[in-house]
Every structure is written in structure tokens, then in C-alpha cells.
Amino acid sequence: MAAARTEFKGGSRGRGPGSRFRAVGRALRLPVTGTARGIRKATHAHGAGESGLGKLIELHGVNGAGDVMITVALASTVFFSVPTDEARGRVALYLAITMAPFTLLAPVIGPLLDRLPHGRRAAMAAAMGARALLALVLSGAVISGGIELYPAALGVLVASKAYGVVRSAVVPRLLPPRFSLVKANSRVTLCGLLATGVAAPIAAGLQAVGPRWPLYGAFVIFVAGTVLSFTLPRKVDSARGEDRALLAADERHLHGPRRKPVKRPGLRTVGPAVTHALAANAAIRCLSGFLIFFLAFLLRVHPLSGQSAAVSLGIVGVAAGAGNALGTAVGAWLRSRAPEIIIVTVVAVVLGTGITAAVFFSTVLVACLAAVAGFAQALAKLSLDALIQRDVPEQVRTSAFARSETLLQVSWVLGGAVGIVLPLNGTLGLAVGAAIIAAGWLTTVRGLTDSARHKGTGRARVA
């Protein structure tokens with residue numbers, strides 16, 4: 001009888017209101033917990049969880065989501081909220097106050113962080129925390145329109161690029177066994193793109209509620225990123241066996257004390273293949289910055305046929321994002337096969353598309369150019385990563401990533417500056433874009449093809 005009473009009471013509790021509430025709670029949590037488990041399973045696959053790469057992939061997703069929140073808030077304040085002529089002046093002022101100082105600071109960021117290899121987790125956390133605080137500053141500036149908007153935006157830009165430099169230096173430290181650098185960077189980049197794609201409509205919805213709300217969202221996201229930065233493995237902070245890379249093509253280009261013998265073995269130049277690939281990537285990144293700013297104003301004044309300015313910008317943005325994601329996926333599939341030939345080919349394809357879009361300017365061709373440029377940027381960057389992994393000694397590989405990333409960021413800024421000053425003529429603008437990419441292709445094609453024939457065996461040694 002006692003056992004029966006116990007069974008009855010247990011059954012009553014199982015069928016009571018509390019049980020039903022718990023069942024409803026589990027049902028409501030299932031989409032969130034299921035999605036989280038799915039993301040964790042994808043990011044930690046193939047040994048990435050054990051090596052710590054999975055945590056870096058997730059951190060980069062958080063970074064992308066926070067950045068797009070701030071981008072939406074600033075774009076709405078500086079670009080969309082005023083007439084086109086005034087917006088052009090305000091964006092030019094934005095470039096002058098934020099991008100110009102950043103162009104001077106960016107070459108310092110990489111080498112400075114390169115000298116502080118033991119604090120990489122702290123540096124990433126500081127970059128996240130700084131953007132969290134600056135998001136709160138910007139939340140007041142977007143309402144008042146005060147001058148503090150511009151220095152705060154500059155701070156966000158510098159912190160974002162500092163994170164990018166450190167992240168590039170961290171990836172080689174977290175590679176799982178038999179895991180190529182190209183595959184690792186593909187996963188990191190793809191997670192960032194997916195997070196940006198998910199966060200962008202959320203940011204737009206928050207912007208509809210009020211101009212401050214995307215910045216509040218950015219604050220929460222970057223606070224989470226600050227905490228996640230310290231969950232990375234301790235080996236991220238280790239600089240054992242590392243040295244500083246010198247971005248020179250051969251020994252004759254070195255200056256000063258680096259021409260003298262050094263006691264530490266392994267100090268070498270990065271080699272001609274890497275420098276030529278870096279120049280080609282700089283041209284593509286310059287084109288990317290140019291297209292973003294030029295097309296933003298062009299499509300606002302002359303939207304795509306039958307579409308509004310906002311929809312036109314959305315179409316081009318989606319095309320560029322889809323191209324970038326496709327390039328990342330193709331790069332992971334190709335791995336490190338013939339990276340020099342891949343770079344030469346994709347730059348040539350971008351050049352051909354740019355010339356065609358300039359000559360036969362149309363809606364379809366503008367979207368195609370954005371997609372091809374995004375595809376080429378992703379695939380060429382992964383090919384550069386493959387060359388660094390192949391040709392640069394492990395002792396200086398981390399440093400080479402930090403310095404090359406800084407150069408690419410400066411190239412993007414310069415391209416954006418060119419895009420803002422050009423007249424809003426589609427044919428002229430796309431012709432200038434084609435000229436940018438042509439300069440990069442012509443100056444690197446011979447060096448890259450020669451390097452492909454020699455498979456990078458001509459790497460120079462300093463010691």
C-alpha cells in the first residue's frame with residue numbers, strides 16, 4: 001500500500017501543473033538550445049574543439065555581429081538620414097576624421113601588437129571591451145549629432161582592425177592536427193559572414209525602434225566577446241619559437257641591422273611569392289573599399305532599374321556577401337592547390353568583369369561585379385594564407401599574418417577614399433575600379449607565375 005501511494009503521488013506530480021510548465025519551458029528553449037548545440041557541433045568539428053580553434057571561430061562570429069550593429073547605426077546617422085548632397089559631405093567628413101587618422105595608425109597597429117605576443121587574449125578582449133564602451137558613447141552621439149561621433153567612430157575602427165590583426169596572428173597557434181591554415185581561415189571567415197548575415201536584419205529592426213537600439217545591441221554583443229576572449233587556450237599568448245617577419249622580397253631589400261648575421265636562426269624574408277600575392281590582394285581590397293563607397297552614393301542617386309535606393313543597395317550588398325561566402329567555400333575545397341595561379345586567375349576575372357561593367361553599364365553587371373569582387377577577395381586571401389603557410393618559416397609566420405593584414409586594411413581605406421571623391425558617373429567610376437585592379441594584376445602576374453613554376457623554392461634566407 002505504501003508503494004502504491006508513493007507511485008500514485010509520483011504520478012500525480014508528473015501530471016501536475018508544474019510538470020506541464022516545465023514541458024512548455026523545455027519546448028520554448030528547444031529552438032535556442034538546439035541551435036546552440038548545432039553551432040557548437042559545427043565549429044568544434046574535426047578537432048577544432050580540442051585545439052581551441054572552435055572558440056576562436058565563435059568569437060569571430062560575435063565580432064562580426066557586433067560590427068554590423070554599429071555599421072547599421074552609423075550608416076543610418078551619417079548616410080541615410082540626410083539628402084544625398086549633404087550625405088556626401090558628411091561621409092567625406094567622416095572619412096577625413098576617422099579614416100585618415102586610421103591610415104596613419106594602421107601601419108603601427110600590426111608591429112605594435114607584434115611586439116606584445118604574450119598578451120593576445122588580453123588584446124582581443126581589450127578590442128572587444130573598447131568597442132562596447134564606444135557603442136554607449138555613440139548611442140548618445142547619434143541622437144545629439146555631436147562631434148564626439150567622429151572620434152568614437154575612429155576608436156571603433158581602430159579597435160576592430162586591431163582585433164583583425166591579432167586574430168590573424170592567433171589562427172596558426174590553434175590549428176588542429178592535419179588541419180591546413182586555409183581550411184581554418186575559411187571556417188573563421190565563413191562564421192563571421194554568417195553571423196553578419198543573421199545580425200544585419202536584427203540591427204535593421206532595432207534601428208526601426210530607435211537609432212540607439214543597434215548600439216545597445218552592439219554593447220551587449222561586445223561585452224560577451226570580451227568574456228569569450230579569455231576562454232581561448234593559454235597557448236594563444238605563447239610566443240615560443242616565434243620571430244618577427246620582414247615583408248621584403250629578398251635579402252637585397254633589407255636595411256640596417258637586418259643585413260648583418262643574427263644569432264637567432266630562422267629569421268628570413270617572406271619570399272617573392274608572398275609579396276607578389278600580397279600586392280594582388282591589396283589591389284582587390286582597394287577595389288572592395290572603392291566599390292562600397294562609390295556604389296553607395298551612385299545607387300542612392302541612380303538606383304537600379306525599378307528599385308528604390310535602399311533595395312538597390314541591398315541587392316548589391318547581398319550579391320557581394322554571397323560572392324564572398326562562395327569564395328570562402330571554394331577556397332576551403334581547393335585548399336592550397338596552386339595558390340599563385342588561383343590569385344592570377346581571380347584577379348583577371350575581376351578585371352574582365354570590371355571592364356565589361358564599365359563599358360556596358362547596367363543593373364545586372366553592377367550586381368555581377370559586386371559578387372565577383374566578393375568572390376575574388378575571399379579566394380585570393382585564402383590563397384595568400386596558403387602561400388604564407390607554404391613559404392614563410394613557422395618562426396615568423398604569425399608575424400607575417402599580422403603585418404600583411406595591416407597592409408590589406410590600409411588598402412581598403414585608400415580605396416574608399418578614392419570612391420568618395422569621384423563624380424557619380426557609373427561608367428567613369430567602374431573604369432577607375434577596373435584601373436585599380438589592372439594595376440595590381442599587371443604588377444604581380446609575372447612574379448606569381450614565375451613563383452608557381454618554381455614552387456616557392458627561391459625563398460631567400462637572411463640567417
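Start by selecting leucine 291: apart from neighbours within four places in sequence, leucine 291 is in contact with Ala296, Leu369, Ala373 and Leu430. Keep in mind as you look around that this is a predicted model.

**Stop 1: the core around leucine 291**

Now widen the selection. Leu291 belongs to the largest nonpolar core, which has 53 residues, and Leu291, Leu295, Ile343 and Ile437 are the ones with the most contacts inside it. To see where this core comes from, colour helices α10 (272-301), α11 (309-334), α12, α13, α14 (394-421) and α15 (426-454), the elements that each give two or more residues to it. Helix α10 supplies the largest share, 17 residues. Another core, of 45 residues, lies apart from this one; to find it, select Ala135, Leu138, Tyr150 and Ala203, which are among its members.

**Stop 2: the whole chain**

Zoom out and show the cartoon. How many helices and strands are there in the chain? You should find 15 helices and zero strands. Of the 463 residues, 50% count as buried. Among contacts with a separation of 6 or more, 83% are between residues 24 or more positions apart. Switch on the surface, and the accessible area comes to about 21100 Å², with 67% of it belonging to carbon and sulfur atoms.

**Stop 3: the annotated spans**

An unreviewed UniProt entry lists "transmembrane region" for residues 91-110, 122-143, 187-207, 213-232, 273-299, 311-334, 364-384 and 430-449. Two of these make handy selections. Residues 187-207 are 100% helix, and their end C-alpha atoms lie 30 Å apart. Residues 430-449 are likewise 100% helix, with 27 Å between the end C-alpha atoms.

**Stop 4: the salt bridges**

Next, show side chains. The count here is two salt bridges. As background, side chains of opposite charge can pair when their charged atoms come close.

For one of the pairs, select aspartate 67 and arginine 131, whose side chains meet at 2.9 Å, N to O. This pair links distant parts of the chain: aspartate 67 sits in helix α4 (residues 53-80) and arginine 131 in helix α6 (residues 120-144), 64 residues apart. Is arginine 131 buried or exposed? Arginine 131 counts as buried because its relative accessible area is 0%, under the 20% cut-off.

The other pair to select is aspartate 385 and lysine 381, with their closest N and O atoms 2.8 Å apart. Both residues lie in helix α13 (residues 363-391), four residues apart, or about one turn of the helix. Aspartate 385 and lysine 381 are both buried.

**Stop 5: arginine 167**

Move to helix α7 (residues 149-170) and pick out arginine 167. Its relative accessible area is 12%, so arginine 167 is buried. What is arginine 167 in contact with, leaving aside its neighbours within four places in sequence? Display Leu56, His60, Met124, Asn185 and Val188 to see these partners.

**Stop 6: serine 411**

Serine 411 is found in helix α14. At 10% relative accessibility, serine 411 counts as buried. Not counting residues up to four places away in sequence, serine 411 touches Ala282, Arg285 and Cys286. Try a distance label on the last of these: the C-alpha atoms of serine 411 and cysteine 286 are 4.8 Å apart in space, although the two residues are 125 residues apart in sequence.

**Stop 7: out to the surface**

Where is proline 201? Look in helix α8 (residues 181-209). Proline 201 is exposed because its relative accessible area of 53% is over the 50% cut-off. Add valine 72 to the selection: proline 201 and valine 72 are 129 residues apart in sequence, with 9.6 Å from C-alpha to C-alpha.

For the last selection, choose Ile355, Val359 and Phe360, which make a nonpolar surface patch of about 320 Å². Within this trio, valine 359 belongs to helix α12 (residues 339-359). With 55% relative accessibility, valine 359 counts as exposed.

Definitions and conventions:
Residues numbered from 1 in each chain as written. Predicted model: local features only at pLDDT ≥ 70, side-chain atom pairs only at ≥ 80, totals over all residues. Heavy atoms only, no water. UniProt positions renumbered as here; feature names shortened; annotations may be inferred. Salt bridge = Lys/Arg side-chain N within 4 Å of Asp/Glu carboxyl O. Buried < 20%, exposed > 50% of the residue type's maximum accessible area, 1.4 Å probe, protein only. Contact = heavy atoms within 4.5 Å. Areas by Shrake-Rupley, 256 points an atom, 1.4 Å probe, with all protein chains shown as cover. Patch = residues over 30% accessible without salt bridge, like charges linked within 9 Å, V, L, I, M, F, W, Y side chains within 5 Å. Core = buried A, V, L, I, M, F, W, Y, C linked by side-chain atoms within 4.5 Å.
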